[in-house]
Amino acid sequence: MRTYNFSAGPAMLPTEVMERAKEEFTDYKGTGCGLMELSHRGPEFSEVIASVESDMRELMGIGDDYAVCFVQGGASMQFAMIPMNLMLPGGFAEYADTGSWSAKAAKEAKTFGEVRTIASSKDTNYDRIPVIRHWKPDAAASYLHITSNNTIAGTQYHSFPEVEAPLIADMSSDIMSRKLNVDDFGLIYAGAQKNLGPSGVAVVIIRKDLAERTPDSVPTMLRYATYIEKQSMFNTPPTFAIYILGLVMKWLKNKGGLKAIEEINDAKSEALYEVIDGADFYRSPVDPASRSRMNVVFRLPNEELEAKFVAEAKKEGMSGLKGHRSVGGIRASIYNAMPMKGVETLIDFMNEFQRVNG
Ligand code: PMP
C-alpha cells in the first residue's frame, strides 16, 4: 500500500509515474541501460527533454517569445540568478513580502541592488496576501517579485498584480496546479519537487528579451542566455529528474490538463477547509480570502493534541502532516499528485480524531 504523503516537498508523485519509472529503471526502451546511464547527448535523452518542453508549453500555453529552461540549484538559486541577471544598472527591484521564502528571495537580491518591499503581511504573521489594490508598483522597477503560493504560511494569490515592470513569480509550490496566463509574467520559476517531479531541477520560464539584460560580469552557468541558447544543455543536465518530470507531464495530459487538475485541486482543498471551518476543534490561522489550495495549514486546541494527531495519522498511512518547524501546527500539502481518496482518508481521520479527543 502506498502512503498518503502530505509532505510539503519533496512530495508524493503520481503512482502511475513511479510504476512506469520502475518498469523502465534498468532497461529504458530496449537499450539495456537505465535512462540515467545514457548520454545526455544521445537520441533517448534528446527526445525526453524535447518532449518535456513541448508538453509543458502545450499544458501551460507558453508562447514562442518565452524560453523554458531546466536549471540546477533549486528555487533558492533563482533567488540569486534573478537579480544577478535582471536588475537594471543602478536600478531597484520590488518585492512583496508574504512569507519566509519571499523574504529569502528579497534578502538575496539585496546583494545585487536596491530592494523595495512594496507590500507585506509580516505584521499579521503572514496570514494573508496583502490587498493588491493598495500596492503602488513602479513602472521603473527592474521587476516585481512575488511568491504565488506560500508553502509555510498556507496562503496563495488568487489574482495577480497588474504591473508595467516584469512580474516574476516563485511558483515552487503551485506551478501547474491551475490555469493562468503566462503572458502576464516576465519570469516564472519553481523547484520541481512539489508539483513537477523530483528535486534536482528547477523550471524557469522566461520572456526571452529579458535575458538580454544580463551584465557581462555574470558567469556562464548563471546566465539565462546560456540555458536559452544551449537548450539547457551547456553542461550535463539532471537527466533522471527531467525524465521523471516528463512522465509527470504525460500524466497531467492524461488527466485532462490544467483546467481538469484545477477542478480537482479546488474540490480537495474545499473539502478540507469545510471540515476545519465546521468544527470548533480545528482552526485555520489563514485569512479565508488568501487560503492556499496546495498547503492547507490548521491548528488543534493545543500542541499535545497536534503531536498526537501527527503520530496517529502516520499509523493510519498518512505521513508528513507536521507543520513547518518555524510555525508549528498541522500542514496538509495536497499537490497535484495527492488523490481525492487521500484527502477523503484524511477527512475521515480528522472527524474520528475530533470525536475521540474533542
Ligand atoms: N520557494 C518556495 C515557495 C518554496 O516552498 C521552497 C521550498 N520549500 C523554495 C522556494 C526553496 O526551494 P529549493 O529547495 O528548491 O531551493
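Which residues are around the ligand?

## The ligand shell

In this predicted model, whose residues are numbered from 1 along each chain as its sequence is written, local features need pLDDT of at least 70 and side-chain atom pairs count only at pLDDT 80 or more, while totals for chains, interfaces and linings use all residues. Side-chain values use heavy atoms, with hydrogens and water left out. The residues around the ligand, each with a heavy atom within 4 Å of it, are Gly74, Ala75, Ser76, Phe79, Trp101, Thr147, Asn149, Thr151, Asp170, Ser172, Gln193 and Lys194. Helix H3 supplies the largest share of this shell, with four residues; helices here are DSSP runs of H or I with at least four residues, and strands are runs of E with at least two, both numbered from the N terminus. By class, the shell divides into three nonpolar, seven polar and two charged residues, where Ala, Val, Leu, Ile, Met, Phe, Trp, Tyr, Cys and Pro count as nonpolar, Asp, Glu, Lys and Arg as charged, and the others, Gly among them, as polar.

Polar contacts are pairs of N or O atoms within 3.5 Å; within protein, one atom must be able to donate a hydrogen and the other to accept it, and residues adjacent in sequence count only if both atoms are side-chain atoms. Thr151 places a polar side-chain atom 2.5 Å from an oxygen atom of the ligand, and an N or O atom in the side chain of Trp101 is 3.4 Å from a ligand oxygen atom. For Asp170, the partner is a nitrogen atom of the ligand, which is 2.6 Å from an N or O atom of the Asp170 side chain. On its own the ligand has 390 Å² of accessible area, of which the protein covers 85%; accessible areas come from the Shrake-Rupley method with a 1.4 Å probe, and for residues only the protein chains shown count as cover.

## Helix H4 and its buried side

Helix H4, residues 100–109, has Ser102, Ala105, Ala106 and Ala109 as its buried residues, buried meaning under 20% relative accessible area, exposed over 50% and partly exposed in between, with a 1.4 Å probe and protein chains only. Because these residues cover an arc of only 95° around the axis, they lie on the same side of H4, the arc being that of the directions from the helix axis to the C-beta atoms. An α-helix has 3.6 residues a turn, so residues three or four places apart point the same way.

The buried residues of H4 pack against helix H3 (74–86) and against strands E3 (92–97), E4 (114–120), E5 (144–147), E6 (149–150) and E9 (187–191), a contact being heavy atoms within 4.5 Å.

## Asn295 and Ser7

Asn295 is found in strand E11, residues 295–298, and counts as buried because its relative accessibility is 0%. The side chain of Asn295 makes a polar contact of 2.7 Å with the side chain of Asn149 and another, of 2.9 Å, with the side chain of Ser333. Leaving aside neighbours within four places in sequence, Asn295 is in contact with residues including Ala8, Thr151, Tyr273, Arg331 and Tyr335.

Ser7 is found in the loop between strand E1 (4–5) and helix H1 (15–24) and is buried, with a relative accessible area of 18%. Outside its neighbours within four places in sequence, Ser7 is in contact with Ser319, Gly320, Ser333 and Tyr335. A polar atom of the Ser7 side chain lies 3.4 Å from the backbone oxygen of Pro10, and Pro10 is itself joined to Gly9 by a cis peptide bond with omega of about -5°.

## Loop residues and backbone geometry

Asn336, in the loop between strand E13 (330–333) and helix H9 (340–357), is buried, with a relative accessible area of 4%. The side chain of Asn336 reaches the backbone oxygen of Met176 at 2.9 Å. Met176, in the loop between strand E8 (167–170) and E9, counts as buried at 2% relative accessibility and has a positive phi of about 60° although it is not a glycine.

Asn125, which is likewise not a glycine, has a positive phi of about 55°. Asn125 is found in the loop between E4 and E5 and counts as exposed at 68% relative accessibility.
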